[in-house]
Amino acid sequence: MAIFLFLVLVAVILGLIGAVAHGLGYLLAIGVVVLVADIAFFAVRWSRRGRRRPVR
């Protein structure tokens, strides 16, 4: 969970820097890609955790 929050923070910071500095638009793109990948990874991990059933 800590890695998830760290990556979200990194994505937001890169996005802010990319949006403020007009010449650094690629940082905005990298931040968006990192955020989307992080959310997708967390969603897959969360869905797998919910499917587990106890073995009898």
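**Close-up views of a two-helix chain**

**View 1. Helix α1 and its two faces**. Helix α1 has 19 residues and spans 27 Å between its first and last C-alpha atoms, close to the 27 Å expected at 1.5 Å a residue; the expected span is 1.5 Å times one less than the number of residues. Phe4, Ala11, Leu14, Gly15 and Gly18 of α1 are buried. They lie on the same side of α1 because they cover an arc of only 100 degrees around the axis, the arc being that of the directions from the helix axis to the C-beta atoms. The face turned away from this buried side carries the exposed residues Ala2, Leu5, Phe6, Leu16 and Val20. Buried means under 20% relative accessible area, exposed over 50%, and partly exposed in between (1.4 Å probe, protein chains only). Helices (H or I, at least four residues) and strands (E, at least two) are DSSP runs, numbered from the N terminus.

The model is predicted: local features need pLDDT of at least 70, side-chain atom pairs count only at pLDDT 80 or more, and totals for chains, interfaces and linings use all residues. Residues are numbered from 1 along each chain as its sequence is written, and side-chain values use heavy atoms, with hydrogens and water left out.

**View 2. The whole chain**. The chain has two helices and zero strands. Of its 56 residues, 14% are buried. Its accessible surface is about 4900 Å², and carbon and sulfur atoms account for 74% of that; areas come from the Shrake-Rupley method with a 1.4 Å probe, and for residues only the protein chains shown count as cover.

**View 3. A nonpolar patch with Leu9**. Leu9, Ile13 and Ile17 make a nonpolar surface patch of about 260 Å². Leu9 belongs to α1, residues 2–20. Patch residues have over 30% relative accessible area and no salt bridge; nonpolar side chains (Val, Leu, Ile, Met, Phe, Trp, Tyr) are joined within 5 Å, like charges within 9 Å. A salt bridge is a side-chain nitrogen of Lys or Arg within 4 Å of a carboxyl oxygen of Asp or Glu.

**View 4. Leu24 in the loop**. Leu24 sits in the loop between α1 and α2 (25–51). Leu24 counts as partly exposed because its relative accessibility is 27%. Beyond its neighbours within four places in sequence, Leu24 contacts Ile17 and Gly18 (contact: heavy atoms within 4.5 Å). Leu14 is 10 residues from Leu24 along the chain, with 9.5 Å between their C-alpha atoms.

**View 5. Gly31 in helix α2**. With 3% relative accessibility, Gly31 counts as buried. Outside its neighbours within four places in sequence, Gly31 is in contact with Ala11 and Leu14. Gly31 and Val12, 19 residues apart in sequence, have C-alpha atoms 6.5 Å apart.
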